[in-house]
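Student: I'm new to this structure. Could you take one part and walk me through it closely?

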Amino acid sequence: MIDQSHANAELARRDLRHIWHPCTQMHDHQHVPMVPIVRGEGAWLIDAGGRRYLDGISSWWTNLFGHANPRIAAALAEQARTLEHVIFAGFTHPVAIELAERLVALTPQGLDKVFFADNGSAAIEVALKMSFHYWLNQGHGGKTRFIALTGSYHGETLGALSVSDVALYRKTYAPLLLTPMLAPSPDAYEGEPGESPEHVAMRRLAAMRVLLEGHAHETCAVIVEPLVQCAGGMRMHHAAFLTGLRALCDQYNVHLIADEIAVGFGRTGTLFACEQAHVAPDFMCLSKGLTGGTLPLSAVLTTQQVYDAFYAEYNAGKAFLHSHSYTGNPLACRAALETLNIFRDEPVLERNRTLATHLARRLAPLRDHPNVADLRQHGMIAAVELVADKASRRTFPSEERRGLRVYLHGLGRGALLRPLGNVIYFMPPYVVSEGEIDHLVDVAIEGITHAVA
Ligand SMILES: Cc1ncc(COP(=O)(O)O)c(C=O)c1O
């Protein structure tokens, strides 16, 4: 049982009286504790009773350099005294200008224009609308559909949910959604026994080619999560898929949208996952780590060619009319700039390589576990696929909620692990130490033992 102090219990009680939490069946809180966090410090979250939890999932994959990071906090304090917000139509500010310049310099070549929004799903909405509108402005109004991958997740607003394929989130709202075409994911776990990830990628490219052959005329864009389909269960694929997909999109005249919202900013070992495939998409969506996990902000980067298709005399009616009140918010942009400063000043990717190697070494013994069907990793994302039967890969029924047992065990042992169904994953902030990784892995292994019993 989790020992909750009086202060925790009181905050939890007040919370549950009025707050409706995301991604939660609120009834669960009859037996799952609500954890009130009052402070953060490095990779740790601290509750009202002083209990510490190692944040193994970077607070929904956002945090890079630790909670309450002093550099970002100081930059924000200064920005709050200078300019907290300004309308971003007709007006601009130096922080957004510098951020756009730096993002253009850091992202793959050709992405020269930056459209700001305020969360990941909003960035996806922008990319989908911009792609459709580009083709419309070019006289191709028949292009109205998108191709997404099976197992994909791009957010939960209606457009973003439309191009997502995780049943848990999509099924209920299906009658409200656009109908994208689904192409089979290059997910290496779904490969034939003994098949290499690269071979799976090639087979999936062949299927994509068939789809494009028949539907490119009505397709605006193919949207993908490069290298790792995160919410779909941390499923990973070979970079060759992205390289081949770029060529197919060029050949069939459809856009490529790279959703780097979760994998951007160093998660997979390079600053952006697309770099590993040596490709530049037509649209790159960024959020989460963009502000180091401090404030909501997103950006869609695109090409001069896309921008030019909208650039016309006002009455031509070609403008991209999409706005959010907090677009380009100066505080969020300042947090993003300071995050980029940390990347500039510190050997972040190099340190991550050492941490990722340590994580891999500590997880390796799990390969032999009778309930582990797969252990996979891309840089600072590692995942363990729990199954009821290793040989057949038979899964545990979802009603048994084995992952929840791992979560509860983690809370009791001072670790925030939040499995995706039966997938236990590790996505810690980059400031985590090797000793802290040891703690996360130890707690996870105990939790797995407990969960499969
Ligand atoms: C790949 C990907 N795209 C989009 C989103 C949506 O971002 P947000 O939760 O900020 O709307 C997420 C969120 O987890 C994501 O992982």
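Tutor: Let's look at one helix, H8, and then step back to the domains.

This is a predicted model, where local features need pLDDT of at least 70, side-chain atom pairs count only at pLDDT 80 or more, and totals for chains, interfaces and linings use all residues. Residues are numbered from 1 along each chain as its sequence is written.

Helix H8 covers residues 197-215; helices (H or I, at least four residues) and strands (E, at least two) are DSSP runs, numbered from the N terminus. With 19 residues at 1.5 Å a residue, H8 should span 27 Å (1.5 Å times one less than the number of residues), and its end C-alpha atoms are indeed 27 Å apart.

Now for its sides. Val200, Ala201, Arg204, Met208 and Leu212 of H8 are buried, meaning 20 or more other C-beta atoms lie within 10 Å of a residue's own, while exposed means 12 or fewer and partly exposed is in between, with C-beta atoms placed from the backbone. Looking down the axis of H8, the buried residues fall within an arc of 110° (taken from the directions from the helix axis to the C-beta atoms), so they line one face. An α-helix has 3.6 residues a turn, so residues three or four places apart point the same way. On the other side of H8 you'll find Ala206, Val210, Glu213 and Gly214, which are exposed. The cover over the buried residues of H8 includes strand E6 (181-183), strand E7 (219-224) and helix H9 (239-252).

Stepping back, the protein is divided into domain 1 (6-66 + 369-452) and domain 2 (72-345), with bounds from an automatic or database domain assignment.

Terms used: Contact = placed C-beta atoms within 7 Å.
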